[in-house]
Amino acid sequence: MFKRRRSTQDFDDEIKAHLALEADELRREGLTEEEAYRRARASFGNAQAARERFYLKGRMEWLDNRIQDLRFALRQLRKDLGFALTAVLILALGLSSSVAIFAFVDAALVKPLPYQEPNRLVMLFESIPLGPRFHLSYPDYLDWKRQNTVFRSLDVFEPFGFMMKTSDGLRQTDGARVSSGFFRTLGVKPVLGRDFYDGEDKPETPRTTLLSYAAWQRRYGSDPKIIGQPVVLDGDTYTIVGVLPREFSFSPAEPADFWSILKATSTCRGCHGLYGVARLKDGVTFGAAFANIKAVAENLEKMYPDSNRDQKAYMLPLAEVITGDIRPVLVVMLSGAGLLLLIAAINVASLLLVRAESRRREVAVRGALGASQRRLALQFITEGVLLTTIGSVLGLAMAQQGMHMLTLLIPKDMLAAMPFLRGLGLNGHVLLFAGALAIAAAALFALTPMALFRVMDIREGLTEGSRSSSSTLWRRFGANMVVVELATAMVLLVGAGLLGKSFYKLLHTDTGLQSDHIATVHIQAESEKYNKDELRAALAHEVERRVQALPGVQAVGITTKLPIEDADWTSSFTIPGRPDNDVHKEVAVRYVTSGYMNTLKTRLISGRYFAAEEPAKVVIVNQTLAKQYFPGEDVIGKRIAFDSKNPLLIIGAINDIQEGQLDAKPRGAAYMPFYQSPYFNGFVVLARTSQDESSMLSSLTATLHDLDKGMALYNPMTMEQKIHDAPSTYLHRSSAWLVAGFALMALALGVVGLYGVIAYSVSRRTREIGVRMALGAQRRAVYGLVLRQAGWLTLCGLVIGLVCSIGAAVSLQKLLYGVQAWDAITLAGVAVLLGAVSMVASCLPAHRAASLNPTDALRTE
Amino acid sequence: MPTQNESEDRIALLQGTLDLLILKTLVMGPCHGQGIARSIQRQSEQVFFVDHGSLYLALQRLEDKKWLSAKWGVSENNRKARFYSLTAKGREQLVQKASEWQRLSRAMELILGS
């Protein structure tokens with residue numbers, strides 16, 4: 001439809017040919033050459049009119065005009081390259097940050113999880129007095145499954161680190177153990193081989209495992225013959241029966257290479273280690289299901305008061321478990337990016353407005369020459385669309401880069417736990433979002449100058465002198481825009497300030513240990529080789545001895561679990577000789593060697609640390625346990641019992657070591673001598689060194705490798721790394737940094753905007769200032785005149801910003817740590833910073849105004 | 001605008017009749033625009049006056065409808081000219097339009113003649 005079949009030139013040639021033929025004929029009829037030609041032309045009629053009619057008919061007139069407009073717009077942009085570059089860059093910056101962050105939001109929150117009807121899936125926990133999201137035991141799982149009436153199926157899984165036997169000895173591998181119906185509950189089918197069958201979890205059937213797609217590629221080179229092959233995990237031989245789909249991920253158990261069958265061997269109701277996942281029956285609401293499973297748990301509490309007291313059921317939608325932690329961070333980041341985009345858009349719009357002002361005459365002339373209102377409007381739309389298109393294309397390229405950079409910033413472990421981020425990229429959703437933003441921006445940029453001209457009279461535009469109406473308009477638009485910009489910048493700065501402060505507070509939480517100069521590594525020894533307590537004890541002793549002998553090592557300790565992880569490994573206890581009062585007492589339990597507390601440099605509050613040999617059954621408790629269960633008493637010499645036959649004597653009380661994540665509340669913890677129960681062939685060794693601890697890691701691993709080559713050594717890391725890479729730290733750090741980045745850009749854009757407005761207003765008032773000065777106004781008064789205007793705008797921006805900031809900060813509360821939303825120091829600091837920077841930005845034009853020569857100023861027109 | 005001609009006997013063509021006349025003229029064989037104009041004037045015994053601008057736009061319109069095809073060639077007196085010829089579709093249209101016209105003119109005659 002847009003293609004023309006025939007050129008105007010060809011049509012023209014045909015008319016010429018006609019005239020020549022007609023002239024020939026007339027000549028033949030006896031006319032002179034000249035007369036013949038004249039007659040031919042006369043009889044043809046208006047050839048030009050025919051040409052025009054042909055031209056208009058053949059060509060899409062509309063499209064033609066658009067091309068003209070586009071050419072004109074390009075010429076305009078090229079003429080003012082500085083303006084064009086600034087506008088495009090600002091727009092690209094704003095768009096790219098929004099689009100990049102939206103891509104994360106899309107990957108994490110918008111895209112459905114890779115299961116069948118994912119919104120019918122829930123995750124089940126046991127809630128205990130320590131918190132709501134704890135594990136359930138195998139017998140509890142069976143009872144929940146049998147007694148509930150609301151789930152179509154209920155299965156369990158547990159993240160499980162396997163020790164895989166390889167030709168080089170043991171290697172730590174990530175995996176999970178699942179009940180037989182787990183994948184059917186999720187609605188996931190293996191791409192190769194088979195799923196577990198019902199009853200495969202019976203103790204007598206052979207052990208089997210599924211492979212994750214990534215593990216199949218990495219470990220077995222995508223070999224399809226892998227089905228049926230054996231693999232030795234934790235000393236047991238498993239048969240590989242299938243490979244899971246590439247898009248499958250299940251972050252509560254991830255990272256996991258081996259998904260093996262969970263054998264129904266445990267009959268221990270107090271042994272918790274499983275999480276439930278269930279699919280709701282059709283028509284059953286979340287609330288009804290929750291009520292039902294709660295009732296089941298209460299029933300079990302009555303039936304098994306010993307093991308199940310205070311063990312309630314807790315349930316969450318699966319999606320919330322998977323993306324719940326990251327959601328508030330993403331929402332904050334998206335809001336930050338959105339605000340930045342708002343500022344960017346306003347900045348570009350005000351740039352356009354300034355330019356439109358200077359084009360009043362051009363528009364007036366075009367109008368006077370007969371360009372219709374519609375045509376003039378289309379010109380502005382073309383320019384807006386052109387600007388937005390260039391900006392968007394650049395913005396998309398920048399967003400792609402930005403996403404790539406952001407994923408590089410996520411620690412590997414965190415990334416593995418967020419498998420949904422694998423789908424990150426400029427997909428349909430993201431492009432749609434970018435497109436919507438671009439259309440909104442184009443509309444804004446087209447409408448802004450149009451709004452200016454709609455009210456403008458053409459005649460008025462031709463007489464350049466009349467400024468009154470334009471400056472009121474300018475004041476109405478431009479000034480309001482700056483107030484919005486400054487307020488938005490303030491909101492972002494306050495957000496960044498609060499998040500930054502939280503992050504600082506988090507990193508400086510009292511962890512109860514001195515995290516510098518500590519190197520750690522996990523050890524797992526083969527269970528067949530170290531099958532007796534004496535052998536295991538000897539191994540631990542030898543590990544301590546060899547590490548102690550390394551140059552620079554000041555202290556060595558062993559523990560069963562490092563601090564700053566999750567608060568798992570808890571146990572309930574009683575206080576012998578005291579009434580139980582039906583209170584469930586549960587604390588974290590760690591087995592540590594005598595060097596452990598010296599290595600961490602914990603603070604002893606009373607009593608003593610462990611000696612190398614402890615003949616009696618003893619325990620060290622932390623401050624929280626002491627305060628909670630022995631308030632106002634001296635705990636030293638009291639006893640607690642984890643099993644009623646073996647009460648332990650409390651010999652020391654130490655300050656709280658942060659066992660859980662940095663932002664978790666302190667909890668009770670008990671530490672017992674490692675060598676009194678050396679039934680662990682896996683533990684963590686810690687060394688305090690006088691040297692650089694990260695360089696220590698390799699010698700630490702090498703020494704231990706020499707000790708036993710078959711031993712698995714994994715997760716070597718320094719204590720500082722542990723704190724810095726902890727998930728809670730990461731979430732706080734990333735949100736603080738990103739929002740700070742947005743805030744700084746917003747500050748720059750906002751201040752540039754203010755500068756632009758003031759400078760422009762000074763340039764418009766040059767003549768007025770000249771008159772004032774000629775009439776005797778002092779330079780100081782001129783300064784005052786300009787700064788008063790700037791000050792007023794800044795003040796408005798700050799006040800509105802302050803109100804909005806408090807509102808925004810309250811919604812940020814979830815991400816704040818150790819700082820209130822209305823933190824006065826942050827608010828005041830930001831206000832002072834923004835005010836100061838704004839004043840500096842307006843001093844420049846003020847100075848220019850004050851140093852005007854009145855005679856020159858009067859002459860400007 | 002057509003130049004006013006000295007002869008008052010000439011009538012401007014009725015809307016839609018020009019297409020029919022062009023098709024009819026081309027039944028004799030391919031012809032260029034000037035030839036078509038001359039032929040229409042001659043055959044109508046100088047009654048019809050063809051506005052040349054309209055003629056060429058009509059030719060273009062019929063070509064767009066694929067009733068005609070056109071190509072550049074050389075006239076009998078060795079001038080370059082664009083020759084039009086009827087397509088099969090054009091022939092069909094001619095038959096249809098001609099019978100329509102005959103019915104119309106018969107009806108007109110009946111009314112005017114009584």
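This report describes a predicted model of two protein chains, A and B.

**The two chains**

The table sets out the general features of each chain.

| Chain | Residues | Helices and strands | Buried share | Share of contacts |
|---|---|---|---|---|
| A | 861 residues | 28 helices and 23 strands | 40% buried | 83% of contacts with a separation of 6 or more join residues 24 or more positions apart |
| B | 114 residues | four helices and five strands | 28% buried | 54% of contacts between residues at least 6 apart join residues at least 24 apart |

Along its sequence, chain B follows the pattern β-α-β-α-β-α-β-β-α.

**Nonpolar cores of chain A**

The largest nonpolar core contains 118 residues. Within this core, the residues with the most contacts are Val122(A), Val619(A), Val621(A), Val685(A) and Ala687(A). Strand S4 of chain A, residues 151-166, gives the most to the core, contributing seven residues. Val619(A) illustrates the contacts of one such residue. With neighbours within four places in sequence left aside, Val619(A) is in contact with Ile640(A), Leu648(A), Ile650(A), Ala670(A), Tyr671(A) and Met672(A). Another core lies apart from the largest one and has 103 residues, among them Leu341(A), Leu731(A), Ala808(A) and Val819(A).

**Helix H5 and Ser97(A)**

Ser97(A) belongs to helix H5 of chain A, which spans residues 81-110. Ser97(A) counts as buried because 27 C-beta neighbours lie inside 10 Å, where the cut-off is 20 or more. Apart from neighbours within four places in sequence, the contacts of Ser97(A) are with Ala337(A), Leu340(A), Leu341(A), Gly402(A) and Phe742(A). One of these partners, Leu341(A), is also a member of the core of 103 residues. Ser97(A) and Gly336(A) are 239 residues apart along the chain, and their C-alpha atoms are separated by 9.1 Å.

**Helix H6**

Helix H6 of chain A covers residues 138-147, and its buried residues are Tyr138(A), Asp140(A), Tyr141(A), Asp143(A) and Trp144(A). These buried residues pack against strands S1 (121-128), S3 (136-137), S4 and S11 (272-280) and against helix H9 (286-303) of chain A. Strand S4 is thus named twice in this account, as it also gives seven residues to the largest nonpolar core.

**Helices H1 and H2 of chain A**

Two packed helices are described by the angle between their axes and the distance between the axes. In chain A, the axes of helix H1 (residues 8-28) and helix H2 (residues 33-44) come within 8 Å and cross at roughly 130°. H1(A) and H2(A) are therefore oblique to each other, and H1(A) passes H2(A) in a right-handed crossing. On the H1(A) side, the contact is made by His18(A), Leu19(A), Glu22(A), Ala23(A), Leu26(A) and Arg27(A). On the H2(A) side, Glu33(A), Ala36(A), Tyr37(A), Arg39(A), Ala40(A), Arg41(A), Ser43(A) and Phe44(A) take part. By class, the residues of this contact comprise seven nonpolar, two polar and five charged.

**Where the chains meet**

Between the chains, 18 residues of chain B are in contact with 18 residues of chain A. On the chain B side, the elements that give two or more residues are helix H2 (33-43), helix H3 (52-64) and strand S5 (80-86). H3(B) gives the most to this side, with five residues. The side of chain B that touches chain A has five nonpolar, nine polar and four charged residues.

Note on methods
Residues numbered from 1 in each chain as written. Chains lettered and ligands numbered in written order. Predicted model: local features only at pLDDT ≥ 70, side-chain atom pairs only at ≥ 80, totals over all residues. Contact = placed C-beta atoms within 7 Å. Nonpolar A, V, L, I, M, F, W, Y, C, P; charged D, E, K, R; others polar. Axes fitted to C-alpha atoms, helices over the stretch in contact; angles between N-to-C directions. Parallel < 35°, antiparallel > 145°, perpendicular 65-115°, else oblique. Left-handed = near helix turned anticlockwise from the far one by under 90°. Buried ≥ 20, exposed ≤ 12 C-beta atoms within 10 Å, placed from the backbone. Core = buried A, V, L, I, M, F, W, Y, C linked by C-beta atoms within 7 Å.
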